[in-house]
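Reader: Could you take me through the aromatic pairs in this one? I'd like a close look at who sits against whom, and where those rings are in the chain.

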Amino acid sequence: MSRFMEFDFGVSWVMGFFHQDWIYDGDTAADVVANHLAKAVDVEEALAVRRDARSLGGLPSPTLEVLWGAGAQYMPALGPLGGGAEWTRTVVALCDVRLSADTDVRPLAGADVEDGTARLHAVVAEIEGARFLPAEVRAALTDCATHCTPDVAFRVLLRAVTCAPDASLSSGQYTRLEAIGSDLRYGEFVVDSVRYLVEQP
């Protein structure tokens, strides 16, 4: 049984909202998230975001700011939003609002509650091997993997790879990423999002 959707989900999905033209999706960062959640067809999308954001809640605010910045192409400055911790709490609250609109919200189950603990060492190894990412990003991702869940850290890593200006992957790296994604029972297009970065022989 795979996850509830074939594409990215959770906090890493939210990071993808913040691209060059994100302002067209809402006047503020919170508006952007709320509007996307309102358009979501499946309630599982809001549940997955809330689950991820709650798991991130124990990280220090500066670490969260690094993670949000690394996983988004054009993340607005989080200082005016109260910092990384406050922004993450805001995301949780926006999910709660979205979920309150549904009368029958069932909790995530099956593959959708996989936290990736068994793949911790593999995820950390791939974070450390992504040398094109700044040291502070790799440190924040490692903190996320060890103090939150490897699942969240791995998806944010994939987002950070797509946003890194000098990113490239060897075929061996990509094969290992695919293996982790398969173990975490991701849909077809989660790890596939970085395939274009594989160096051609």
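Author: Here's a walk through the aromatic pairs, with two of them taken in detail. Keep in mind that this is a predicted model. Searching the whole structure turns up eight aromatic pairs.

Let's start with F9 and Y186, which meet edge-to-face, with 5.8 Å from centre to centre and 75 degrees between the planes. F9 is in the segment before α1 (10-15), while Y186 is in the loop between α9 (171-183) and α10 (188-191), so this contact ties together parts that are 177 residues apart in sequence. Are these two rings buried or exposed? F9 has 4% relative accessibility, so it counts as buried. Y186 comes out at 9% relative accessible area, and since buried means under 20%, Y186 is buried too.

That pair also has company: F9 and Y186 belong to one aromatic cluster together with F4 and F154.

Now for the tryptophans. W68 and W87 form an edge-to-face pair as well, at 5.8 Å centre to centre with 75 degrees between the planes. This one goes from helix to helix: W68 belongs to helix α4 (residues 61-71) and W87 to helix α5 (residues 84-100), and the two are 19 residues apart. As for accessibility, W68 has a relative accessible area of 0%, so it's buried. W87 is at 2%, which means that it counts as buried as well.

How values were computed. Residues numbered from 1 in each chain as written. Predicted model: local features only at pLDDT ≥ 70, side-chain atom pairs only at ≥ 80, totals over all residues. Heavy atoms only, no water. Phe/Tyr/Trp six-rings, centres within 6.5 Å; stacked < 30°, edge-to-face > 60°. Helix = DSSP H or I, 4+ residues; strand = E, 2+ residues; numbered from the N terminus. Buried < 20%, exposed > 50% of the residue type's maximum accessible area, 1.4 Å probe, protein only.
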